[in-house]
Amino acid sequence: MTSTKSEPTVPAAGSRARRSLLAAYAPIGIAGALLALVPLSIGESRLLMGLAVGGLLFAAYAIAFNVIFGSTNQLFLCVGALAGIGGYTSGILADRAGVGMPLAMVVAAVVAAAVGGVISWIAVSRSLGVIFTGIITLAFSLAFHNLLLGQRDLTGGETGLVIQAGEGSLLRELVPPYYGLLALVVGYLIVYRLLQMSHIGWAFRALRDDETTAELAGVDVARYRIYAGIIGSAMLGLAGALYAHTEGYIGPSTYSFGEVDVRVLVMLAFGGIGTLLGPLLGAVVFTVLDEVLVEFGQLRVLIYGGLIVVLFLGFKQGVITAITRLFGRFGGQRPA
């Protein structure tokens, strides 16, 4: 009688799956651990901690924008407006309607998600390309800015809005806001990785690479673009709301196109559109760079622009993509 031995294919497959998950999420853990050490060296300086909080805020913005633009080529030039919807909605609900701060932030994220979903639906239903989507969303951003100025009784107009919700809590202390935003950034990176590894991520990559081919492959381009608009806008709204309660004051300039959208675009393009850690790298580099160039006064704009041009010429697809390809090229070489 011949005996057959069963091969341990299932344990081997399970081991490979665990290694795959570890490789997928290890960069997030390493980046989060390194950033968690920052307050240990600058935690005593209110100025430096403020810069660090701002850097994490823009990292959250850039990751959310990466979901929309980096995944589905929807050029939303209303990043600041969507974050502002979150900030103003949460602040007004918490201060004037008596809604609890956590619930107000959730509602704010939902409202921003609804607005982003409608914008995506309009762009898809009208078959708007990248440029026209950018024009429409830029017009929306300017309209939102004018709305803030016009509704003085509700938003405070050009003087801004003081938000009392959050006073006396950890959000108004020196270091805790940093870790709160760090947790948000890490959470956003995990969400982005989950999307990448799901069927939604496959559809995102397909329509980003070639929309016509994706449609022929059975991808519902309209539905997945709306998904990206909803998810990314919700992330923007939540980040804007958290910052509003952390800062205690918001105004039209807090979420303006010049202050938010331009910087987010540069950060994402520098780090690498469609990459996992590209938005985080871009936010860290340009937050530090912006502070270094402060002493140059008005020349900072010229230096900043010239440096951006040089970087874009050398790293057209972002620094992370260029470095990855460089290592891959050297790794693929065989010794003679």
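This is a short walk through one protein structure, from the overall fold to one helix and one surface patch. Keep in mind that the model is predicted.

Overall counts to start. The protein contains 15 helices and two strands. Of its 336 residues, 44% are buried. On contacts, I take pairs at least 6 apart in sequence; 77% of these join residues at least 24 apart. The accessible surface is about 17,300 Å², and carbon and sulfur atoms account for 67% of that.

Next, helix 4, which runs over residues 79–96. Does its length fit, or not fit, the expected span? With 18 residues at 1.5 Å a residue, helix 4 should span 26 Å, and its end C-alpha atoms are 25 Å apart, so the two values agree. Helix 4 is also mostly covered, with 15 of the 18 residues buried. Just after the helix comes Gly-98, which has a positive phi of about 70°.

Now the surface. Which residues make the nonpolar patch of about 540 Å²? They are Ile-30, Leu-34, Leu-37, Leu-40 and Tyr-179. Ile-30 sits in helix 1, which covers residues 9–36. Its relative accessible area is 52%, and the cut-off for exposed is over 50%, so Ile-30 counts as exposed.

One general point on helices belongs here. An α-helix has 3.6 residues a turn, so residues three or four places apart point the same way.

To recap the two places I looked at: helix 4 is mostly covered, while Ile-30 in the nonpolar surface patch is exposed. That is all I have.

Terms used
Residues numbered from 1 in each chain as written. Predicted model: local features only at pLDDT ≥ 70, side-chain atom pairs only at ≥ 80, totals over all residues. Heavy atoms only, no water. Helix = DSSP H or I, 4+ residues; strand = E, 2+ residues; numbered from the N terminus. Buried < 20%, exposed > 50% of the residue type's maximum accessible area, 1.4 Å probe, protein only. Contact = heavy atoms within 4.5 Å. Areas by Shrake-Rupley, 256 points an atom, 1.4 Å probe, with all protein chains shown as cover. Expected span 1.5 Å × (residues − 1). Patch = residues over 30% accessible without salt bridge, like charges linked within 9 Å, V, L, I, M, F, W, Y side chains within 5 Å. Salt bridge = Lys/Arg side-chain N within 4 Å of Asp/Glu carboxyl O.
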